[in-house]
Amino acid sequence: MAIRTEFPKTWSSQMVGRHAKLEGLQQKRINPYSSTRFDRTHTNLDIHRICGNLSADADFPSGVKLSGRIMTIRDMGKIIFAHIEDESGKIQVALFKNEIGDEKYKTFVDCLERGDIVGFSGNMFKTRAGEITLRVADFEVLCKSLRPLPEKFHGLKDEDVRQRQRYLDLASNSDVRGTFRKRSQVVWGMRQFLHGMGFMEVETPILQEIHGGAAARPFKTHSNALDMDLFLRIATELHLKRLIVGGFEGVFEIGRIFRNEGIDKRHNPEFTSMELYWAYHNLADMMAITENCAAHIIRAIHGKHQINYQGTELDFTPPWKRMTMEESLEQVGGVNVFGASVDRLREIAIERGVHFEDSMGRGWLVTTLFEELVEKRIVQPTFIYRYPVETTPLAKRSPDDPAFCERFEAYAMGMELANAYSELNDPVDQRARFEEQAKALEGGNEEAQPFDEDFLQAIEVGMPPTGGLGIGIDRLAMLATDSPSIREVILFPTMKSIK
């Protein structure tokens, strides 16, 4: 078979070189894509564990088969040293020319390079420098890489490329793979904690005729089979509450949520949340679950409740600090809003440079001041509770003051981590609040809650006193992995297309 000498002009020199080496393999009647399986005997980490404490003259494992991606190659003339990497880590392999033969040695030198995936067999030993190494008796080319990995010394640093081409990021940055392993631990730890408390995991519809359960703009799609418009869910809340009505007393769902809104370091239109509902429990119980679950996860990953996030020490040890929204405005924001009139709240907003809408009543003004003056200044894990009732159409009113509702949000490092209610189960009150939301929707508020008659009928059947909680998986993963952006903990974040 003749090797091509002409390649498309748009190809880089590296692409040309790799395709030439592919054809070199083919000329040797080696198909680098024919293998369907490689029966390795160990992972690279297994070998390090077995051989790590052995002296150079000890009996090392023989008949070992390892596989991975070539990350470095050093040709010493008669010996080739290479490092290969599998998911568990790196290990060195050594090919001695006088042992594997001239032809195999030449094939490796001429046709293989960084990025190729190869299976090796041989016996383990330690070099004079003490490095655990596989003395190669044979090798099999499992996949020829036709595009180069980022250069080995600096890796892939461009954030846009890293997130658009996550496969390159993962293949060249082992610490990034570690981040996503920790993210998996966050999800597993949450499941483990909730199953241990007796909650049942369920699944609810992603495609919904009526979106609800949060103040957010939805993504809209169309069902050809039903000839009707549908929405991607903005929350799992209303369907999970229907299950409480149906007789289940503790349910949760970990799933994807879709909100047609801004993108920044803490927001992605597609994200993961955990929502749970627990019959016969209230807001205090939701606080206990939140702080204990988060502490359980942090401890499982880091071995303690304290972590360093972007240079700041955070302590997740329960109990967390608790403040009402008005207390937080005084203690953190430096403004006194207790008993303040609407006019006084507007004056405070103007004095502090906080934008507000003329239509805002007292509750929305207090909440806006909190969001602008307090939220980003909360560092340690903290519960903010006692929210104005008009901001939360699905929570019970506070028994001591109907102007407020039974709701908290948990914050750390200026980020909302959790949101919880003592759930509204008064169908008359709920209907009135839905009617207010429907008017807001008709008035142009795209984030208002649509009127959901079926949900109203469900709670008219009767829902017991219930506590509800939502936790943002991605933001908790940011803290657990010391990641500065939500994009660093979402494998494939939503990004603007390149035209």
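**Exercise 1.** State what share of the residues of the protein counts as buried.

*Solution.* Take buried as under 20% relative accessible area, with a 1.4 Å probe and protein chains only. By that cut-off, 49% of the 499 residues are buried. The model is predicted: local features need pLDDT of at least 70, side-chain atom pairs count only at pLDDT 80 or more, and totals for chains, interfaces and linings use all residues. Residues are numbered from 1 along each chain as its sequence is written, and side-chain values use heavy atoms, without hydrogens and water.

**Exercise 2.** Find which residues touch the most other members of the largest nonpolar core, and which helix gives the most to this core.

*Solution.* A nonpolar core is a set of buried Ala, Val, Leu, Ile, Met, Phe, Trp, Tyr and Cys residues joined through side-chain atoms within 4.5 Å. The largest one holds 45 residues, and M274, L469 and L479 touch the most other members. Helix α9 (residues 283-302) gives the most to this core, with 9 residues; a helix here is a DSSP run of H or I, at least four residues. Apart from this core lies another, of 42 residues, including L240 and F455.

**Exercise 3.** List what M274 touches, leaving out residues up to four places away in sequence.

*Solution.* Contact means heavy atoms within 4.5 Å. With those sequence neighbours left out, M274 touches M190, L194, F252, E253, I254, L469, G470, I471 and I473.

**Exercise 4.** Give the share of contacts with a separation of 6 or more that joins residues 24 or more positions apart.

*Solution.* Among contacts in the protein with a separation of 6 or more, 64% come from residues 24 or more positions apart.

Methods. Buried means under 20% relative accessible area, exposed over 50%, partly exposed in between (1.4 Å probe, protein chains only). Helices (H or I, at least four residues) and strands (E, at least two) are DSSP runs, numbered from the N terminus.
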